[in-house]
Amino acid sequence: VTAGSADTLRLWSMHGAWQLPRAIVASGERFQQGDISFWNKGQEARVETPRGQLKCELSEQRQAFTRADYPDVMFMGRGNEPGWMIKLSSQTPEMTLVSNYGRETRTLPYMVSVMDNDAGRVVIENAQADDFFRVTIEASACFDNMSGEPFPARVTLSIDGEQYAGCGQGIAPD
């Protein structure tokens, strides 16, 4: 779950992603879109869908990355073994790829080839034969495979004939 603003909430699961507007509730906070709702009060929450009800308890909360932390970056993804990181510029359609555990850095132009807001999926790529890459970003719970740290997006990077999996998140404006 990610708070988009005071009036909306983003909810991700293995079944998809939803943006839920605020709804009226007697106590706590409630967000609802059709048959899907999220209610919380204090440390407890409940998600209701046509598939059933899930009772939750706050176990971890993390601070969102901001543009103060990462100037001119709108999205950041990273993975392990081998260590890599991508940063999408908020100013130009360019991706900075840091790979080989920080020893190599490339800045590459990209274009958006798929933008599916309903599925919470974006694909960017560079069609240049010499530097071809594809990055797929999917709104879905993702946990760093070394630290266990949670992220709101799964990231798959295909480059140089290899495919890498990792996690990522958008960078909140200041």
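**Exercise 1.** In this predicted model, decide whether arginine 46 is buried, partly exposed or exposed, then find which network it belongs to.

*Solution.* Start with accessibility: arginine 46 has a relative accessible area of 27%. Buried requires under 20% and exposed over 50%, so arginine 46 is partly exposed. Next, look for a charged partner: arginine 46 forms a salt bridge with glutamate 48, with the closest N and O atoms 3.2 Å apart. Glutamate 48 also pairs with arginine 30, where the closest N and O atoms are 3.9 Å apart. Through these shared partners, Arg30, Arg46 and Glu48 form one network.

**Exercise 2.** Work out which strands the pair arginine 30 and glutamate 48 ties together, and whether each residue is buried or partly exposed.

*Solution.* Arginine 30 lies in strand 4 (residues 29–33) and glutamate 48 in strand 6 (residues 44–49), so their salt bridge links parts 18 residues apart in sequence. At 18% relative accessibility, arginine 30 is buried. Glutamate 48, at 24%, is partly exposed.

**Exercise 3.** Identify the elements that give two or more residues to the largest nonpolar core.

*Solution.* Begin with the core itself: it has 16 residues, and those with the most contacts inside it include Ile86, Val135 and Leu157. The elements giving two or more residues are strand 9 (84–89), strand 10 (94–99), strand 14 and strand 15 (150–159). Strand 15 gives the most, with four residues. Now check one member: isoleucine 86 touches, among others, Met95, Val135, Val155 and Leu157. Finally, keep a separate core apart from this one: it has eight residues, including Leu9, Leu20, Ala45 and Val47.

Note on methods:
Residues are numbered from 1 along each chain as its sequence is written. This is a predicted model: local features need pLDDT of at least 70, side-chain atom pairs count only at pLDDT 80 or more; totals for chains, interfaces and linings use all residues. Side-chain values use heavy atoms; hydrogens and water are left out. A nonpolar core is a set of buried Ala, Val, Leu, Ile, Met, Phe, Trp, Tyr and Cys residues joined through side-chain atoms within 4.5 Å. Buried means under 20% relative accessible area, exposed over 50%, partly exposed in between (1.4 Å probe, protein chains only). Contact means heavy atoms within 4.5 Å. A salt bridge is a side-chain nitrogen of Lys or Arg within 4 Å of a carboxyl oxygen of Asp or Glu. Lists of a residue's contacts leave out its neighbours within four places in sequence.
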